[in-house]
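Work through the exercises below with the sequence and the 3D view at hand. Each task is followed by its solution.

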Amino acid sequence: MTNPQGASGHTVLQLPVPPLEAWVVERTAHHDAGFVSTDPAFGHAHITALAPFAPAPTPHQLATVAAIAARTAPITVRLDEIDQFPDGIIHLRPEPDAPLRALTAALATAFPAFPPYEGRFGRVPVPHLTLDAARDGVSIASTRRSLGHLLPVDCTLTVLQLAWWESDRCHVMERWDLEGFPPSS
């Protein structure tokens with residue numbers, strides 16, 4: 001995707017997962033140091049809410065995202081189950097994932113021109129935190145051994161970021177606190 005200024009990259013609406021940031025930064029640097037951001041707020045370790053998003057969001061689009069974030073409660077998840085997609089992406093599956101699916105559905109409904117992952121995995125794809133890609137020497141088992149001392153991770157996701165992903169230009173463009181109240185039981 002190319003933004004209006006001619007740069008190659010894309011935007012992601014993402015939920016940073018700080019407890020795994022150092023591990024994901026290390027793996028990112030191992031594969032492609034250009035995607036290690038110098039922006040200290042950038043969430044390398046994240047769960048995607050919607051990607052790709054508008055390359056140059058309008059004020060109206062930003063206001064819509066802000067409204068969705070304002071009515072979304074912070075999301076508490078446990079990350080422990082390592083899985084692999086058919087394309088080889090090794091990832092952690094957050095549990096419960098219903099609040100993450102609801103956030104993605106709200107964003108996809110508000111922005112039908114930007115379906116999650118360009119529609120390749122359905123309207124609301126499986127929420128996940130990408131860890132690595134399977135290849136010689138990298139498997140679910142090797143990833144679990146590397147992450148073993150960090151798992152499980154229990155955390156509350158409190159921020160939605162609009163991040164720009166491009167080699168040597170990764171940065172946070174906007175951020176919103178999740179401010180809603182959890183549904184009453």
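Two strands count as paired if DSSP finds at least two bridges between them. Helices (H or I, at least four residues) and strands (E, at least two) are DSSP runs, numbered from the N terminus. The model is predicted, so local features need pLDDT of at least 70 and side-chain atom pairs pLDDT 80 or more, while totals for chains, interfaces and linings use all residues. Residues are numbered from 1 along each chain as its sequence is written, and side-chain values use heavy atoms, without hydrogens and water.

**Exercise 1.** Find which residue stands opposite arginine 78 in β4.

Solution. Start with the two strands: β3 (residues 75-84) and β4 (residues 89-95) run antiparallel and are joined by six bridges. Across this pairing, arginine 78 faces glutamate 95 of β4.

**Exercise 2.** Give the order of the strands in the open sheet that contains β3, and say which strands stand at its edges.

Solution. The order of the four strands is β5-β4-β3-β6, with antiparallel pairing. β5 (129-133) and β6 (153-157) are the edge strands; each has a single partner, so one side of each lacks a neighbour in the sheet. From one strand to the next, the twist averages 35 degrees.

**Exercise 3.** Do the same for the open sheet that contains β1.

Solution. Here four strands follow the order β2-β1-β7-β8, and the pairing is antiparallel. The edges are β2 (46-53) and β8 (171-177), each with a single partner strand, so one side of each has no neighbour in the sheet. The twist averages 25 degrees from strand to strand. Within this sheet, six bridges pair β7 (residues 159-165) with β8 in the antiparallel sense. Leucine 162 is found opposite glutamate 174 in β8.

**Exercise 4.** Determine how α2 and α3 pack, and which residues meet.

Solution. First place the helices. Helix α2 (residues 59-70) lies across β1 (10-16), β2, β7 and β8, and helix α3 (residues 98-110) lies across β1 and β2. Next take the angle, which runs from 0 to 180 degrees between N-to-C directions of axes fitted to C-alpha atoms, for helices over the stretch in contact. α2 and α3 pack at about 155 degrees, with axes 11 Å apart. That makes α2 roughly antiparallel to α3, a term for angles over 145 degrees. Last, list the contacts (heavy atoms within 4.5 Å): Thr64, Val65 and Ile68 in α2 meet Leu103, Ala106, Leu107 and Ala110 in α3.

Methods: Angles under 35 degrees count as roughly parallel, over 145 as roughly antiparallel, 65 to 115 as roughly perpendicular and the rest as oblique.
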